[in-house]
Amino acid sequence: MEQTLFPTLNTERLLLRQIKQEDIQIIYSGLSNPEVIKYYGISFDSLKATQEQMIWFKNLEETETGIWWGICSKDNKIFYGAGGFNNLNKEHKKAEIGFWLLPEFWKNGFMQEAFPIICNYGFEKLKLNRIEGFVESKNKNCKKAIEKMNFKLEGTMREREIKNGEYLNVDIYSKLKND
């Protein structure tokens, strides 16, 4: 089978590139940071445990069930966070979008800059019709941001997940290709 190149995406200020094993330290920094993981589905307490996430990124690509990018400065010197698609369903032409940034880069407009190019990749290259976003109901900042990007609130899934022994409500958002 022919190996295809990982798609690199660019915006005015950002480089979205393949996540590499060398990124493990910064991935760990993000996914162990209490501010990042407060509303995020996973967290890691060591570099060794973070290796599980590195394997997950690689498996998404190999199984074609998603694609995640490292979100970096244009010169690739600063790693801001990561974003992409998982739970890609080719039959139903849909995927779930996810995103996280290190707190020191919050409120710089990076999400608003990266999200549209990721969505465009999903609609144009992956031939998606629907992109879904699942947001913990209490995560007001993420809900505000995803709504700014024209995702529509479809409803709340009550007590959908358990985190730290508590049931969580999760809001589901979607964006369709024709939106």
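# A guided tour, starting at Lys127

Begin by selecting Lys127, which sits in the loop between H4 and S6. This is a predicted model, so keep that in mind as you click along. Is Lys127 buried or exposed? With a relative accessibility of 52%, Lys127 counts as exposed, because the cut-off for that class is over 50%. Now look at the backbone here: Lys127 has a positive phi of about 60°, although it is not a glycine. Here is some background for that stop. Most residues other than glycine have a negative phi.

**Next stop: helix H5**

Select residues 140–148, which make up helix H5. Which residues of H5 are buried? They are Lys143, Ala145 and Ile146. These three cover an arc of only 165° around the axis, which means they are on the same side of H5. Turn to the other side of H5 and you will find Lys140, Asn141, Lys144 and Lys148, which are exposed.

What do the buried residues of H5 pack against? Show helix H4 (110–124), strand S6 (130–136) and strand S8 (166–176), and you have their packing partners.

**Zoom in on Ala145**

Stay in helix H5 and pick out Ala145. Ala145 counts as buried because its relative accessibility is 9%, and buried means under 20%. Add Met111 and Gln112 to your selection: Ala145 is in contact with both, leaving aside its neighbours within four places in sequence. Try drawing a distance from the C-alpha of Ala145 to the C-alpha of Met111. The two are 34 residues apart in sequence, and 7.9 Å apart in space.

**Just past the end of H5**

Move along the chain to Asn150, in the loop between H5 and strand S7 (152–163). Asn150 is another residue other than glycine with a positive phi, here near 65°. Its relative accessibility is 43%, so Asn150 counts as partly exposed.

**Over to Trp106**

Now select Trp106, in the loop between strand S5 (94–101) and H4. Trp106 counts as partly exposed because its relative accessibility is 35%. Which residues does Trp106 touch, not counting those up to four places away in sequence? Highlight Glu35, Val36 and Leu101 to see them. For another distance, go from Trp106 to Asn120: they are 14 residues apart in sequence and 22 Å apart in space, C-alpha to C-alpha.

**A pair of helices: H1 and H3**

Colour helix H1 (residues 24–31) and helix H3 (residues 47–63). Two numbers help you with a pair like this. Two packed helices are described by the angle between their axes and the distance between the axes. H1 and H3 pack at an angle of about 105°, with their axes 9 Å apart. That angle makes H1 roughly perpendicular to H3.

Show the side chains where they meet. From H1, choose Ile24, Gln25, Ile27, Tyr28 and Leu31. From H3, choose Leu47, Thr50, Gln51, Gln53, Met54 and Phe57. How many nonpolar, polar and charged residues does the contact of H1 with H3 have? The contact has seven nonpolar residues, four polar residues and no charged ones.

**Last stop: the core**

Finish with the largest nonpolar core, which has 47 residues. Select Trp69, Phe85, Trp100, Phe115 and Phe151, the residues with the most contacts inside this core. Which element gives the most to the core? It is H4, with eight residues.

Terms used: Residues numbered from 1 in each chain as written. Predicted model: local features only at pLDDT ≥ 70, side-chain atom pairs only at ≥ 80, totals over all residues. Heavy atoms only, no water. Buried < 20%, exposed > 50% of the residue type's maximum accessible area, 1.4 Å probe, protein only. Helix = DSSP H or I, 4+ residues; strand = E, 2+ residues; numbered from the N terminus. Arc of directions from axis to C-beta. Contact = heavy atoms within 4.5 Å. Axes fitted to C-alpha atoms, helices over the stretch in contact; angles between N-to-C directions. Parallel < 35°, antiparallel > 145°, perpendicular 65-115°, else oblique. Nonpolar A, V, L, I, M, F, W, Y, C, P; charged D, E, K, R; others polar. Core = buried A, V, L, I, M, F, W, Y, C linked by side-chain atoms within 4.5 Å.
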